[in-house]
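Biologist: Could you take me through one part of this protein slowly, as you would for someone in their first year? I would like a close look at a single helix and its surroundings.

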Amino acid sequence: MKTAIIYASKHGTTGFVATEIKKRLNGDEVVMYNLNDQQRVELRPFDRIVIGSSIYAGTPLSKVRRFIEQNLVDLLQKQVGIFVCCMFFDKADEQINKGFPEVLRNHARSIKHLGGEFRFEEMNFIERSLVKKISGTRESVSSIKYETIDEFVREISAN
Ligand SMILES: Cc1cc2nc3c(=O)[nH]c(=O)nc-3n(C[C@H](O)[C@H](O)[C@H](O)COP(=O)(O)O)c2cc1C
């Protein structure tokens with residue numbers, strides 16, 4: 001099984017989670033693509049595509065949304081898993097439903113919120129002020145859902 005993990009990240013959390021998924025897909029040939037470095041990926045060689053994005057202002061990153069728009073027909077021919085990293089846990093499902101096309105959500109083998117982090121050291125001044133104001137958090141915090149990562153990998157790997 002050949003898998004592509006295609007993701008975008010602002011402060012590194014989604015990349016970290018993508019690597020955790022890769023570690024758990026042992027037995028697969030896995031290639032990771034960061035859409036911050038390249039916007040085009042040749043999907044043909046892959047059987048399975050994992051798409052990951054963090055959420056800002058209620059939506060997935062624009063590079064991920066654009067990638068899906070441009071590759072939707074091809075994605076619907078593959079096994080697909082979708083994950084997001086975000087910090088407003090009670091809004092995660094709503095943000096996923098708004099941010100990914102229904103046809104792709106229906107097609108996906110698994111769609112999960114895998115937790116998130118506030119990495120203050122990576123944020124600019126405006127982001128720091130915003131996060132402090134909205135969440136009341138003043139320090140970096142990590143809330144990665146490792147058990148849900150295990151579950152996600154089980155679901156996308158099931159026969
Ligand atoms: C400026 C800012 C805005 C954010 N907006 C949201 C949001 O609307 N909803 C949410 O659930 N999380 C939000 N988050 C939390 C991020 O999704 C979370 O920090 C995520 O782990 C970042 O992943 P990344 O480093 O891969 O970009 C926001 C974080 C920042 C810094």
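Modeller: Happy to; here is a walk from the whole chain down to helix α1 and then out to the ligand. Please keep in mind that this is a predicted model.

Let's begin with the whole chain. The protein chain holds 6 helices and 8 strands, and along the sequence they follow the pattern β-α-β-β-β-α-β-α-α-β-β-α-β-α. Of its 159 residues, 33% count as buried.

Now zoom in on the start of that pattern. β1, α1 and β2 together form a right-handed β-α-β unit. Its two strands, β1 (residues 2-8) and β2 (residues 29-34), run parallel and are joined by 6 bridges. One pairing to look for is Ile6 with Tyr33, its bridge partner in β2.

Next comes the helix itself. α1 has 12 residues, so at 1.5 Å a residue it should span 16 Å; its end C-alpha atoms lie 17 Å apart, which agrees. Which residues of α1 are buried? They are Thr13, Thr14, Gly15, Val17, Ala18 and Ile21. A general point helps when you look at such a list: an α-helix has 3.6 residues a turn, so residues three or four places apart point the same way.

Finally, turn to the ligand. Of the 24 residues around the ligand, Ser9, His11, Ser54, Cys86 and Gly116 come nearest. Helix α1 (13-24) is among the elements that give two or more residues to this shell, along with β3 (48-56), β7 (115-118) and α5 (125-135). By type, the shell divides into 11 nonpolar, 9 polar and 4 charged residues.

Note on methods:
Residues numbered from 1 in each chain as written. Predicted model: local features only at pLDDT ≥ 70, side-chain atom pairs only at ≥ 80, totals over all residues. Near = placed C-beta within 6 Å. Helix = DSSP H or I, 4+ residues; strand = E, 2+ residues; numbered from the N terminus. Nonpolar A, V, L, I, M, F, W, Y, C, P; charged D, E, K, R; others polar. Pairing = 2+ DSSP bridges. Right-handed = clockwise from strand over helix to strand, strands pointing away. Expected span 1.5 Å × (residues − 1). Buried ≥ 20, exposed ≤ 12 C-beta atoms within 10 Å, placed from the backbone.
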